[in-house]
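Here are my notes for your first look at this protein. Keep the structure open beside them and find each residue as it comes up.

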Amino acid sequence: MERTKLDPLLDPHVESDPLVRSMNRAPGNPWGWIMGYGVLLLLVALIVLVNPLVAGVATGLLLGVVLVVYGVAAIAAGWTTLSTRARWTEILLGALALLAGIFAIVDPVAGALSLVWAIGVWLVIAGAFQIAFALKALHDRGWRLFMGVLDVVLGLVLLFSGPVAGLAFLAMVVAISLTVRAVFLIQLSLALKKA
């Protein structure tokens, strides 16, 4: 089947990007928000690099809170009349999530260490999708390909490192990933300012 219209996300001209068109219609200077977001990402990356233990504890606590909320919601869903087919599955998964969440809140460093593997897997999968999109895209191809390859490499390092080294490396991985995205956003905002 032949395409008659090019997907706007794959068009090499920034002006034809739907996001750019909608931003040009927005009041004020929307490129400034993107610039601000990029600068904020740079600051967070710096904090993560300066104190990786704080980043690990914050990550562990956040994981714990998310798991507790999910656990309570899953248990509640399992007890409702709407859940007849998978009632015990929901209750069991909710109880496991609740216990894991409490464990992560009580010992956030251990929660963060368990996240090392999960983030490694996520980086590999996200990087693969980024690479696949970069191979089809006509604009920002180099940046997207770079971010995708970087995420895959960093994810593989996380998957094959030990837990303590993984936590320290996790802080570095997050900082590198945030820095690359920040530079991309700052560069994008400058291009939008000119457009």
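Leaving aside its neighbours within four places in sequence, which residues is Asp 151 in contact with? Point 1 takes this up.

1. **Asp 151.** This is a predicted model, so please read every value below as computed from it. Leaving aside neighbours within four places in sequence, Asp 151 is in contact with Leu 123, Val 124, Gly 127, Ser 177 and Arg 181. Asp 151 itself lies in helix H6. Its relative accessible area is 1%. The cut-off for buried is under 20%, so Asp 151 counts as buried.

2. **The overall fold.** Now step back. The protein has seven helices and zero strands. Along the sequence the pattern reads α-α-α-α-α-α-α. Take the contacts with a separation of 6 or more: residues 24 or more positions apart account for 69% of them.

3. **Inside and outside.** The protein has 195 residues, and buried ones make up 33% of them. The accessible surface comes to about 12,000 Å². Carbon and sulfur atoms hold 75% of that surface.

4. **The largest pocket.** About 450 Å³ of space lies in the largest pocket. It is lined by 21 residues. Closest to the pocket's centre are Thr 59, Ile 119, Leu 170, Val 174 and Leu 178. Find these five in the viewer to locate the pocket's centre.

5. **Who builds the lining.** Which elements give two or more residues to the lining of the largest pocket? They are helix H2 (31-50), helix H3 (52-79), helix H5 (108-136) and helix H7 (163-194). Helix H7 gives the most, with eight residues. By type, the lining residues divide into 17 nonpolar, three polar and one charged.

6. **Thr 59.** This residue is one of the five closest to the centre of the largest pocket. Thr 59 is found in helix H3. Its relative accessibility is 28%, so Thr 59 counts as partly exposed. Look across to Ala 112 as well. The two residues are 53 residues apart along the chain, and their C-alpha atoms are separated by 5.9 Å.

7. **Leu 67.** Stay in helix H3, where Leu 67 lies. At 23% relative accessibility, Leu 67 counts as partly exposed. Not counting residues up to four places away in sequence, Leu 67 touches Ala 97, Leu 98, Ala 100 and Gly 101. Phe 103 is 36 residues from Leu 67 along the chain. The C-alpha atoms of Leu 67 and Phe 103 are separated by 9.8 Å.

8. **An edge-to-face pair.** Next, the rings. There are three aromatic pairs by the count used here. One of them joins Trp 143 and Phe 146, with ring centres 6.4 Å apart and planes at 80 degrees. Planes over 60 degrees apart count as edge-to-face, so this pair is edge-to-face. Both residues lie in helix H6 (residues 141-159). They sit three residues apart, about one turn of the helix. Trp 143 has 27% relative accessibility and counts as partly exposed. Phe 146, with a relative accessible area of 43%, is also partly exposed.

9. **A pair between two helices.** Trp 143 also forms an aromatic pair with Phe 184. This pair is tilted, with 6.2 Å centre to centre and 55 degrees between the planes. Why does the pair tie together parts that are 41 residues apart in sequence? Trp 143 lies in helix H6 and Phe 184 in helix H7, so the pair links those two parts. Phe 184 counts as buried, at 12% relative accessibility. Ring pairs link Trp 143, Phe 146 and Phe 184 into a cluster.

10. **Arg 144.** Is Arg 144 buried or exposed? Its relative accessible area is 18%, so Arg 144 is buried. Arg 144 lies in helix H6. Leaving aside neighbours within four places in sequence, Arg 144 is in contact with Gln 130, Phe 133, Ala 134 and His 139. Please check these contacts in the viewer, then go back to Asp 151, which lies in helix H6 too.

How values were computed: Residues numbered from 1 in each chain as written. Predicted model: local features only at pLDDT ≥ 70, side-chain atom pairs only at ≥ 80, totals over all residues. Heavy atoms only, no water. 1 Å grid on protein atoms, 1.4 Å probe; cavity = no way out; pocket = protein on both sides within 12 Å on 5 of 7 lines; lining within 4 Å. Points joined across faces, edges and corners; volume = space filled by probe spheres on them. Helix = DSSP H or I, 4+ residues; strand = E, 2+ residues; numbered from the N terminus. Nonpolar A, V, L, I, M, F, W, Y, C, P; charged D, E, K, R; others polar. Buried < 20%, exposed > 50% of the residue type's maximum accessible area, 1.4 Å probe, protein only. Contact = heavy atoms within 4.5 Å. Areas by Shrake-Rupley, 256 points an atom, 1.4 Å probe, with all protein chains shown as cover. Phe/Tyr/Trp six-rings, centres within 6.5 Å; stacked < 30°, edge-to-face > 60°.
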